[in-house]
Amino acid sequence: MNTNTNQEILIDVKNCQQSYPKDNNSQLIVLDNVELTIKSGEIVGLLGRSGSGKSTLLRIMAGLLSPTKGEIRWRNKLLQGPAEGIAMVFQSFALFPWLTVQDNVQIGLEAKRVPKKECQRLAEEAIDLIGLGGYEKAYPKELSGGMRQRVGLARALVVHPDLLLMDEPFSALDVLTAENLRTDLIDLWVEKKLPVKSILMVTHSIEEAVLMCDRILIFSSNPGRVVKEIAVPFPRPRNREAPAFRQFVDRVYTLLTQTISNNFEEKNVNTVNNQSPFTALPLISMSLMMGMLEALLAEPYSGKADMPQLAQSLQMELDDLLPIGEALQMLKFAVMAEGDIVLSDLGKQLVNAENEDRKRIFRHSVFKNVPLMRAIRDVLDERPNHKASAERFRDELQDNMSRDYARETLSTIIGWARYAEIFDFDEEADQFFLDKDDKTIHD
Ligand code: ADP
Ligand code: MG
């Protein structure tokens with residue numbers, strides 16, 4: 001275990017905030033009160049949902065974006081502008097197609113006024129290190145995705161940065177390629193061959209974080225900030241199949257779902273108290289929810305599944321699985337706890353029901369648990385023409401969440417409303433409307 005207690009602090013993020021202007025003169029706060037410290041000699045993972053502001057934070061830490069509030073201290077000095085000693089690897093490879101591998105890597109040194117011969121030597125060294133020896137003269141289009149990402153890594157490593165920031169570096173790669181690259185990186189780290197002191201990597205895979213990191217920071221959404229820290233106690237190399245490893249992955253799942261459930265409950269309490277129907281809903285279709293419920297009810301799970309296992313068997317990542325679990329929990333079809341997801345009695349009824357019954361169960365649950373659905377339907381019932389502009393609801397949503405979330409939330413609501421025959425939506429007129437077949441809550 002790497003405790004790092006006496007280690008030098010490399011970067012210190014203090015009370016950092018990032019907001020963007022919204023249409024209506026207000027600010028969308030993406031990051032708020034972010035606090036984190038990276039010491040030398042550690043690999044730290046940042047685990048959070050998509051859209052929570054992880055990439056934004058990385059850009060701030062690299063000095064590419066200056067925060068609206070707070071400060072970053074890099075090697076004890078205030079960070080202002082792109083920092084010497086910090087390099088970044090992006091999810092997509094960001095290579096120049098017209099440059100060879102060698103030149104793509106050397107670009108990393110260009111700003112540094114290193115003599116040409118030295119540039120070449122350093123680039124060759126980085127290329128060899130990362131397993132691309134012999135490909136110096138190849139062009140990106142001649143390389144596989146995995147090799148391109150290695151070029152991206154070599155470009156970051158060529159400057160021998162103290163801090164390497166990696167933004168979902170494996171998520172654009174296929175499973176095997178990603179695993180090879182992870183293993184190679186960890187081997188190099190263990191053998192102390194990587195010319196870096198520390199790594200901060202963003203991921204949305206819990207397994208990846210537990211496999212690679214000394215510490216995992218859990219990031220909340222809306223606004224993004226570090227809400228929990230977990231030290232990973234295993235020496236390297238780590239064995240994914242070891243029971244202790246599996247248990248630990250479960251524990252991280254638990255912490256993560258707790259964090260999410262807490263957020264969720266807070267939001268729902270607000271909604272009840274203020275009669276304000278503005279909870280963000282992830283983009284979840286009926287078929288996704290029904291697919292997951294059916295998988296849950298079937299063998300081998302019979303109503304209760306370990307989330308990492310379920311994710312694997314459905315070939316999903318955390319980012320896909322958790323929002324579905326969250327939606328099922330909100331609708332009272334399932335409960336997430338301790339890294340498990342458990343089908344409720346209502347959930348079982350839903351899966352076992354057919355067509356109209358299924359719709360009826362779903363409709364009742366949606367009416368009861370999704371205030372926004374109720375609010376839209378109430379307006380439609382009150383209006384003589386049974387029509388209502390979506391604009392107003394979108395605006396109100398946007399006072400509480402980003403434009404993207406507002407759009408997703410409405411799409412989800414519309415999908416569910418259509419399925420449950422609560423109301424319909426006219427895209428062209430941007431209007432909700434009641435169809436003659438639409439049901440009421442009493443149907
Ligand atoms: P993550 O990497 O965790 O998926 P991002 O940092 O990419 O999250 O984005 C976080 C939020 O900030 C998103 O809601 C995104 O729409 C918003 N955002 C990012 N960059 C900008 C920008 N330049 N202007 C407005 N909003 C932005
Ligand atoms: Mg990102």
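## Helix α2 and its neighbours

The buried residues of helix α2 (101–110) pack against two other helices, α3 (116–129) and α4 (145–157). "Buried" here stands for under 20% relative accessible area, while "exposed" is over 50% and "partly exposed" is anything in between, using a 1.4 Å probe and protein chains only. The residues in α2 that make the cut are Val101, Gln102, Asn104, Val105, Gln106 and Leu109. Helices and strands are DSSP runs numbered from the N terminus, with H or I and at least four residues for a helix, and E and at least two for a strand.

Before going on, a word on where this comes from: it is a predicted model, in which local features need pLDDT of at least 70 and side-chain atom pairs count only at pLDDT 80 or more, while totals for chains, interfaces and linings use all residues. Residues are numbered from 1 along each chain as its sequence is written, chains are lettered from A and ligands numbered from 1 in the order in which they are written, and side-chain values use heavy atoms, with hydrogens and water left out.

## Leu99, just ahead of α2

Leu99 sits in the loop between β6 (86–89) and α2 (101–110). Its relative accessibility is 17%, so Leu99 counts as buried. Setting aside neighbours within four places in sequence, Leu99 has contacts (heavy atoms within 4.5 Å) with Asn104, Ile107, Ala138, Tyr139 and Pro140. Asn104 also turns up among the buried residues of α2.

For a sense of scale, take Leu99 and Trp189: they are 90 residues apart in sequence, and their C-alpha atoms are 28 Å apart in space.

## Around ligand 1

Which residues surround ligand 1? They are Tyr20, Val30, Arg49, Ser50, Gly51, Ser52, Gly53, Lys54, Ser55, Thr56 and Asp404, where a residue gets onto the list if one of its heavy atoms lies within 4 Å of the ligand. By type, the shell splits into two nonpolar, six polar and three charged residues. In that tally Ala, Val, Leu, Ile, Met, Phe, Trp, Tyr, Cys and Pro are nonpolar, Asp, Glu, Lys and Arg are charged, and the others, Gly among them, are polar. Helix α1 (residues 54–61) gives the most to the shell, with three residues.

Now for the polar contacts, meaning pairs of N or O atoms within 3.5 Å; within protein, one atom must be able to donate a hydrogen and the other to accept it, and residues adjacent in sequence count only if both atoms are side-chain atoms. An N or O atom in the side chain of Tyr20 is 3.3 Å from a nitrogen atom of ligand 1. The backbone pitches in as well: a backbone N or O atom of Gly53 lies 2.9 Å from an oxygen atom of the ligand, and a polar backbone atom of Lys54 is also 2.9 Å from an oxygen atom of ligand 1. On its own, ligand 1 has 560 Å² of accessible area, of which the protein covers 66%. Those areas come from the Shrake-Rupley method with a 1.4 Å probe, and for residues only the protein chains shown count as cover.

## Helix α15 and Glu421

Helix α15 (residues 403–420) has 18 residues, which at 1.5 Å a residue should span 26 Å, and its end C-alpha atoms are indeed 26 Å apart. The expected span is 1.5 Å times one less than the number of residues. Buried residues of α15 include Tyr405, Thr409, Ile413, Trp416 and Ala420. As a general point, an α-helix has 3.6 residues a turn, so residues three or four places apart point the same way.

Right after α15 comes Glu421, whose phi is positive, near 55 degrees, although Glu421 is not a glycine. Glu421 belongs to the loop between α15 and β15 (424–426). With a relative accessible area of 15%, Glu421 is buried.

## Other backbone oddities

Asn15 is another non-glycine with a positive phi, about 45 degrees. Asn15 lies in strand β1 (residues 9–21) and is partly exposed, with a relative accessible area of 39%.

Where are the cis peptide bonds at Pro223 and Pro300? One runs from Asn222 to Pro223, with omega near 0 degrees, and Pro223 lies in the loop between β9 (215–219) and β10 (226–231). Another runs from Glu299 to Pro300, again with omega near 0 degrees, and Pro300 is in the loop between α8 (286–297) and β11 (304–306).

## Ser205

Ser205 is in the loop between β8 (198–203) and α6 (206–212), and at 11% relative accessibility it counts as buried. The Ser205 side chain reaches the backbone nitrogen of Glu208 at 3.0 Å. Not counting residues up to four places away in sequence, Ser205 touches Leu47 and Glu317.
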